[in-house]
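Dear colleague,

I am passing on the structure we spoke of, with my notes set out underneath. Please read them with the coordinates open beside you.

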Amino acid sequence: MKAFISRRDFLKASGAAAAAAALAGCSSGSGSTGGKTVKIGVFEPASGDNGAGGKQEVLGIEYANSVAPTVDIGGESYTVELVEVDNQSSTDKAVTAAQELVSKKVSVVLGSYGSGVSIAAAPTFQSASIPAIGCSCTNPAVTEANPYYFRVCFLDPFQGSVMANFAKDEFGAANAYVLSMLGEDYGSGLATYFVDAFKELGGTVTSEQFPEGTSDFSAYIQNAINAGADVIFAPCATTYAAQIITQAASAGFDKPITAGDTWESSVILDAQKGTSVQVYCSTFFDENDDSGAAKEFVAGFKEWLNADSQKLTNNGGNDIVAAVSALGYDAYMTALEAIAAAGSTDGTAIKDALFKVDYDGVTGSITFDQTTGDANKDMAYIKKASDGAFSFVKTQSVEG
Amino acid sequence: MKQEKKRIYLRAALALAAILAVLLALDNLSFVPSMLLTVLRKGAIYALVAVSMNLLNGFTGLFSLGQAGFMLLGAYTYAILTIPAAAQKSIYQRYANGGIGFSIPELLSKPLGGLGLLLGVVFCLALAGFIAALFAFLIGLPVLKLKSDYLAIATLGFAEIIRAAVVYEGFGPLTNGSNLLYGFTSFSSFSLHLGSVTLRLETVMPFLFSGICIGIILLLIHSTYGRAFKAIRDDEIAAEAMGINLASHKRMSFIISSFFAGISGAMLAMYQASVQATTFKSSMTYEILLIVVIGGIGSVSGSVIASFLFIASSEWLLRFLDNETYIGGFRLPLLRSGFRMVVFSIIIMIVVLFFRKGIMGDRELFQKKPASAARTAKKEVRSK
Amino acid sequence: MAAKFLPYLLAGISVGGQYALIAIGYTMVYGILRLINFAHGDIFTVAGFMMVYATASLPLAVSIPLVVIATVLLGMGVEKIAYKPLRTAPRMSVMISAIGMSYLLQNLMWYATGGLAKQYPALPWISDTVTVLGCQTKRVTVITPFLVVVLVVILVTLIQKTRMGMAMRAASRDFETAQLMGIRINNVISFTFAVGSFLAAIGSMMYFSNYTAVTPTVGAMPGLKAFVAAVFGGIGSIPGAVIGGFLIGICESLIKGAGATTFSDAFTFALLIVVLAVKPTGLFSENLTEKV
């Protein structure tokens, strides 16, 4: 005999549970061990389409926090506390996640991976006067007309031109096939910039879009073959990228496949391993860069990752350094520079200090454009995926 | 009887005004946690769409899974009409001549100031609902005569078709294709100036709009149309035998439900301050369906209560489950990102399996009990 | 001309066969319980993940039967937890329970795997590359249609010639009377779910050998399309589901080849609506007269 709980009891129980949970939820953000703290918000996706990349970015930030856990404000040493929220890669959940950071009274926000959620959250941060530093969101709209949003990475128009120039310079490509996901602003945007740049260089382009949730790319690869493409440009998320690579391999596609920074991930390496497909992507950082700061960062980060199995899982099950982790690290350090320079935990003061920051990060030197808040970056690294690792090909700039 | 009704309406209006007054205070007092306000706003928006879905599924018995598609239409219509003309060039930057070139609230607020802004927004909301209703009419023509399960899949299919069509590059100059629409009039544009004091109306406005819309739906349910809908739900053939035109009543229910779903979609756009088609997936429809079921199919107050509970639990109260928590150096197992949604899904399964009727079943919060009707009858007899 | 269409046709037949395998599961459950088992697509995905994890630590010969058995148990378990308690409840409650179960499975997968796409292991012989009429593809593409036909023949024989099959037919014709006639309805339902999950496991092996990236949401669209295929062919009819699956797979692929790639998904649903408008119970179903 099943016991049915009466409705009244259910209402009472749920009311009590809600009250208890409210108390638990409200009184969070404690745990400071005495002494002053400054809070830095981490606004990243940990689930949803961009969950994987978001987790890797968070790892970079957390590692930076372990390297530099305190900051000097006006002579006093403040402990830096990270407040992490999950925006679920979705613009409607992004607003509540941003609101949570505001309610926890963070001084500066780092993130997000994914331009859409950053754009959605920007008004929330602005009305609370909290500056935000985007780590890897490359859509120009994030910083445009948002005086409180900065970014430490390059922009999509730049990235599109870089890849178009690369296709022309490296492969002498005259015909390109561009594939992006329907409804995804990052991919379609980058695709458009590539198309414009490639046409300007005198090439012809076939451009198609696939619907969300597609697993079967054999038809698209066949379309590319039929169009006589010399190169495929497919700036999409890693899930689809893995499908494209493996299916290109089984169809015997022998031309290079290129993409933007999202493809710099162990998922692509796994997909390409054992096949003869040529895969190139543009990125912000090279793991094998021999210049001092990057080398130290890579060694330290790998050691920190390998010490904890959960962190290894979040990084995709291995210790390959993702470029977004390096960007997360740089964003954190830049934030610390600005906080120290501002001499306070007030958002507006930090924002003003950010404009004047000049920091040498592991992804290059970071200074911000005075009008938009974009980092002045003019170089991208091109990497090739082969045999389970990324090998550095060249650095590419845009001519003119 | 008319006096009874007038009293009920007056009481309802006073209750709404009281709620709005409380919210006005909450909006402007500094110690109120901003998360609470955010959850209240989102809860109000979802309350409206849950009630509209309840109207269709619970009161008319038409199992439709297309709500997200109508919300999408409403959201895009509203956004397109209210982006300020000056910003349109940069928002539609990938499409030459993108945008419609004007913004309705802007046009009206020039001559009429704050009132013009309000009128403009109300007009755009109504238009958003109207476009959604128009599509509902077109979709309903082939689909409404299908049986319940087929209707569910057909409406789900239509929602997917709409989502793909809206982001089609060909419509880019109007809808901005795959890119976000942002910068349009949102709730934060509303404020009340009383002399030197400026009162923020960010939480009051969604409640005001939702309250009026839910009020209209309640009026509908308590009218002859509402009784016809319930008859259709209980037994279609008997209803037809009693002279109710099945096709036109089903269509009416579908169109009205979609109208309010469109308005709530527009309000969701105002809340998020940005619109992107990919968020209006079928999973959003499932969430609304779960809210309706948890609140009780056939109960408007149940949907409203369940909506606030659902939003509060999923976005606020359970967030601590996502963070790695240490108790004195010992890390609690299981608590890492993703755990919140697992716990939430388990709670939903428990509610669905053990509390089948939902919180309110099919009763309303302030329903007249039959006993009191008998008492009033006795009173009337005695007073004669 | 034919050579140009061949790769699209091959891809279409292959994916159509995989949809058919999933669609059979949907149609059998719907025939008896009148329930759209929304969790079926997620069981398909879980089978994929289980194979990924199993082959990481166990040899292939052990992993494959293990995964099949685990999937069958999972399918039967879902039925016992989520559908059996609601057998007497109104239709909408059971459908909500199915949606809730699907939600739960997806969130569990997100939580357990972290969301990064995992590579499905290459099954020997099936994943090898072959050249068919000048067009290079994987062997699984060619095998799938034959395998589907074989499985369907076995299944139809089972339903027509065995006692359990007769019980299933009786239950789908009239649920209550079948119970009154002494048929152990719980066994029939468990058996139905077991067969459906078995087919989903086989389908997942074929599907993921072809499209090797496994993520928690990879089963959502194929699941939906498989259900559309089942409805298309006439819900409750197994041959109808199979034909529906192949039709949808082929049309989808041809549309992508014809250039309207954006609308390939939308087309599937549009096709469904057109068919339902003309023949409300699907292509191959019997016309049921409603008793007043």
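What follows covers the contact between two of the chains and then a few backbone details.

This is a predicted model, in which local features need pLDDT of at least 70 and side-chain atom pairs count only at pLDDT 80 or more, while totals for chains, interfaces and linings use all residues. Residues are numbered from 1 along each chain as written, chains are lettered from A in the order in which they are written, and side-chain values use heavy atoms, with hydrogens and water left out.

Between chain B and chain C, 42 residues of chain B are in contact with 43 residues of chain C (contact means heavy atoms within 4.5 Å). The buried area is about 3800 Å², and carbon and sulfur atoms give 77% of that; buried area is the accessible area (1.4 Å probe) that two parts lose on being put together, summed over both. B:Asp149, B:Tyr150 and B:Ile153 supply 18% of what chain B buries against chain C, more than any other three residues.

As for the backbone, a cis peptide bond, with omega of about 10°, joins A:Gly111 and A:Ser112. In chain B, two residues that are not glycines have a positive phi: B:Asn176, at about 65°, and B:Ala273, at about 60°. B:Asn176 is buried, with a relative accessible area of 0%, and B:Ala273 also counts as buried, at 16% (buried means under 20% relative accessible area, with a 1.4 Å probe and protein chains only).

With best wishes

Definitions and conventions
Buried < 20%, exposed > 50% of the residue type's maximum accessible area, 1.4 Å probe, protein only.
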